[in-house]
Amino acid sequence: MWLPRATHERVVVDADPYVRPMLAVLDEYDRTCAVVVDEVTAQVWEYHLDEVRELEAIRDRTLRGPEHAAGLDEVRVRDRADELSKRHYRRLIGELKRLFKEGGFDLLAIGGHPYQVPAFIEYLPRDLHDRLVGRFTADRDTVTAADIRDKVRVLVTDRAYQEQERLVGEILEAVATKHHATVGLDDTLWAGSLAAIRTLAVDAEAVAPGVVCDRDGLLARTGERCPLCQDALREVPDVIEELVKTVIEDGGEVRHVDMETDLRTHLTGALLRFELPAHPVDTE
């Protein structure tokens, strides 16, 4: 499988493919729609997995040259130009709505000259404005695919880091207020065993050996017998990998955190669907 950047160097020997490094890289790359816009034209690009491709170009009506406007007063010329720009923006917004509906885009980036971009953003409806990841400076006549890639990459990467920081903060705050969250590998493994994890945050550098019960899905750091069914536990080289796969199978969300946060000392944390019952080892 091709990835937009190298994964962390790590060797794991196991019976199943080791997918965590690939998932960690793919976490960073939302599908982004990038638009370079002015009053009468627009270029629409797709940015995904650090690759770009142009989807379409739009050109709408504009006023003809100065000789056409010579017989009109300045106010009428300006009003007519504004009306044509509004029509252009409305058409472009309609096309963006279609692309987001059919193309599965996650984010929107708007580029153009600094005095033009804010004018278009004012027309964005709430559903598209909520997807806006940022704006960038670009000239429609000279912009290249490489320019789009470099500019949008910065916006998407910054957003990914902000989202990682926000998620870790949300988990730690929920733990502090005792509201359906947990941190630390032992408790997070127990939550994963019970299909209790709504959103799992994993430090991208974290690796930990552990054990798995093949009958009831218990995940733990250590042990020889499952405390739930007494079956022998199977050793695995990275129990966090097993946790990630379990959360995905249970319909939860997995986010890898590769920036320095308070999660690094805990390895894992999670927002939960319900409060956890006592860990089975606590009742022995």
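Tyr89, Phe120 and Tyr123 form one aromatic cluster in this predicted model. The structure holds 3 aromatic pairs. In the pair of Tyr89 and Tyr123, the ring centres are 5.4 Å apart. The planes of these two rings meet at 50°, so the pair is tilted. The contact links distant parts of the chain, as Tyr89 and Tyr123 are 34 residues apart. Tyr89 belongs to helix 3 (residues 74–103). Tyr123 sits in the loop between helix 4 (117–121) and helix 5 (126–129). The surroundings of the two tyrosines were also examined. Tyr89 has a relative accessible area of 5% and is therefore buried, the cut-off being under 20%. Tyr123, at 33% relative accessibility, counts as partly exposed.

Another aromatic pair is made by Phe100 and Phe105. This pair is tilted as well, with 5.6 Å from centre to centre and 50° between the planes. Phe100 is buried at a relative accessible area of 12%. Phe105 is buried too, with a value of 6%.

The next element is an open sheet of 5 strands. Its strand order is 3-2-1-4-5, and its pairing is mixed. Strand 3 (51–59) and strand 5 (132–137) are the edge strands, and each pairs on one side only. Neighbouring strands in this sheet are turned against each other by 20° on average, direction ignored. Helix 6 (residues 145–176) packs on the sheet. Helix 6 touches strand 1, strand 2, strand 3, strand 4 (107–112) and strand 5. The direction of helix 6 makes about 140° with that of strand 5.

Within this sheet, strand 1 (residues 32–37) pairs with strand 2 (residues 41–48). The two are antiparallel, and 6 bridges join them. Val36 faces Gln43 of strand 2 across this pairing. Thr32 stands opposite Tyr47, also in strand 2. A hairpin connects strand 1 and strand 2, with 3 residues between them.

Strand 2 also pairs with strand 3 in the antiparallel sense, over 8 bridges. Val44 has Glu56 of strand 3 as its bridge partner. Strand 2 and strand 3 likewise form a hairpin, here with 2 residues between them. Leu49 lies in that turn and has a positive phi of about 55°. How much of strand 2 is buried? Of its 8 residues, 7 are buried, and the strand is mostly covered. In a regular strand, side chains alternate between the two faces of the sheet.

A further open sheet has 4 strands, in the order 6-12-7-11, again with mixed pairing. Strand 6 (181–183) and strand 11 (253–257) stand at its edges. Each has a single partner strand, so one side of each is left without a neighbour in the sheet. The twist from one strand to the next averages 15°. Strand 7 (residues 197–203) and strand 12 (residues 268–272) run antiparallel and are joined by 5 bridges. Thr199 has Leu271 of strand 12 as its bridge partner.

Two helices lie across this 4-stranded sheet. Helix 6, which packs on the 5-stranded sheet, also lies across strand 6, strand 7, strand 11 and strand 12. Helix 6 runs at about 105° to strand 6. Helix 7 (residues 185–193) lies across strand 6, strand 7 and strand 12. The angle between helix 7 and strand 12 is about 40°.

Helix 8 (residues 239–249) was considered last. Of its 11 residues, 9 are buried, so helix 8 is largely enclosed by the rest of the structure. Which residues of helix 8 are buried? They are Val239, Ile240, Glu241, Glu242, Leu243, Val244, Lys245, Thr246 and Val247. Charged side chains are thus found in this list, where Glu241, Glu242 and Lys245 are among the buried residues. Asp238 caps the N-terminal end of helix 8. A side-chain oxygen of Asp238 lies 3.1 Å from the backbone nitrogen of Ile240. Gly251 follows helix 8 and has a positive phi, near 85°.

Methods: Residues are numbered from 1 along each chain as its sequence is written. This is a predicted model: local features need pLDDT of at least 70, side-chain atom pairs count only at pLDDT 80 or more; totals for chains, interfaces and linings use all residues. Side-chain values use heavy atoms; hydrogens and water are left out. Two strands pair if DSSP finds at least two bridges between them. Axes are lines fitted to C-alpha atoms, for helices over the stretch in contact, and angles run from 0 to 180 degrees between N-to-C directions. Contact means heavy atoms within 4.5 Å. Rings of Phe, Tyr and Trp (its six-membered ring) pair if their centres lie within 6.5 Å; planes under 30 degrees apart count as stacked, over 60 as edge-to-face and the rest as tilted. Buried means under 20% relative accessible area, exposed over 50%, partly exposed in between (1.4 Å probe, protein chains only). A polar contact is a pair of N or O atoms within 3.5 Å; within protein, one must be able to donate a hydrogen and the other to accept it, and residues adjacent in sequence count only if both atoms are side-chain atoms.
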